[in-house]
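Visitor: I am new to this structure and would like a careful, close look at a single part of it. Please start with the whole and then stay with that one part.

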Amino acid sequence: MQAWYNKHRQNPYPTEQQKKELADVGDISLGQVKAWFANKRNRNLNTRPRKLKQNYELQLTKIRKLFTSNTSRKEQLNKIMQHMNHLVKTPIYTEPNCDSLSLSSEVELANVRRNSVN
């Protein structure tokens, strides 16, 4: 059942026929299969957002600590972008080595600083 669930994570609702087949393969009752899937969906829906929230909080805490460190703006921005990339899993800022900060980057950094103080 776990293999079926992993394969169908986007829509983890087996048809009645699939439930019967899983019950036969596992030598368990249809009711047990239904209960297993209901419990699995409920547990995943409840734990996934909690894990994401913990990850966001960790990354945001790291970003906040950067503002109290004695690093240059260039280093701060690079590290902030690394943490932000980790949060969203896609590159946000790709300028190599961040040698020259653009005006928009300076404004973004100032906004982040202002919001972190509040």
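Which pattern does the chain follow when it is read along the sequence, and which residues of helix 2 are buried?

Guide: Read along the sequence, the chain follows the pattern α-α-α-α-α, with 5 helices and 0 strands (DSSP runs, H or I of at least four residues for helices and E of at least two for strands, numbered from the N terminus). The model is predicted, so local features need pLDDT of at least 70 and side-chain atom pairs count only at pLDDT 80 or more, while totals for chains, interfaces and linings use all residues. Residues are numbered from 1 along each chain as its sequence is written, and side-chain values use heavy atoms, with hydrogens and water left out.

Confidence comes before detail. The mean pLDDT (the predictor's confidence in each residue, from 0 to 100) of the chain is 75, and 69% of the residues reach 70 or more. Within the chain, confidence is highest in helix 2, at a mean of 95, and lowest in helix 5, residues 103-117, at a mean of 55. Over residues 90-104 pLDDT stays under 50, and for this stretch the model has 23 contacts (heavy atoms within 4.5 Å) beyond four places in sequence.

Of the 118 residues in the chain, 20% are buried, a word that here stands for under 20% relative accessible area, with exposed for over 50% and partly exposed for what lies in between (1.4 Å probe, protein chains only). Among the contacts in the chain with a separation of 6 or more, 48% are made by residues 24 or more positions apart.

Now to helix 2 itself, which covers residues 16-26 and has Lys 19, Leu 22 and Ala 23 as its buried residues. Seen down the axis of helix 2, these buried residues fall within an arc of 100° (taken from the directions from the helix axis to the C-beta atoms), so they line one face of the helix. In general, an α-helix has 3.6 residues a turn, so residues three or four places apart point the same way. On the other side of helix 2, Asp 24 and Val 25 are exposed.

Lys 19 deserves a longer look, since at 14% relative accessibility this residue counts as buried. Leaving aside residues up to four places away in sequence, Lys 19 touches Pro 14, Leu 30, Val 33 and Lys 34. The side chain of Lys 19 also meets that of Glu 16 in a salt bridge (a side-chain nitrogen of Lys or Arg within 4 Å of a carboxyl oxygen of Asp or Glu), at 3.3 Å from N to O. Both of these partners lie in helix 2, 3 residues apart, which is about one turn of the helix.

Glu 16 has a further partner, for its side chain meets that of Lys 34 in a salt bridge of 3.8 Å, N to O. Lys 34 lies in helix 3 and Glu 16 in helix 2, so the pair ties together parts that are 18 residues apart in sequence. Glu 16 is partly exposed, with a relative accessible area of 38%, and Lys 34 is partly exposed as well, at 36%. A search of the whole structure finds 2 salt bridges, and Glu 16, Lys 19 and Lys 34 are linked in a network of them.

The surroundings of helix 2 complete the view. Before it, Asn 11 is found in the loop between helix 1, residues 2-7, and helix 2; Asn 11 is partly exposed, with a relative accessible area of 49%. The C-alpha atoms of Asn 11 and Arg 41, 30 residues apart along the chain, are separated by 10.0 Å. After helix 2 comes Asp 27, found in the loop between helix 2 and helix 3. The phi of Asp 27 is near 55°, a positive value in a residue other than glycine, and at 72% relative accessibility Asp 27 counts as exposed.
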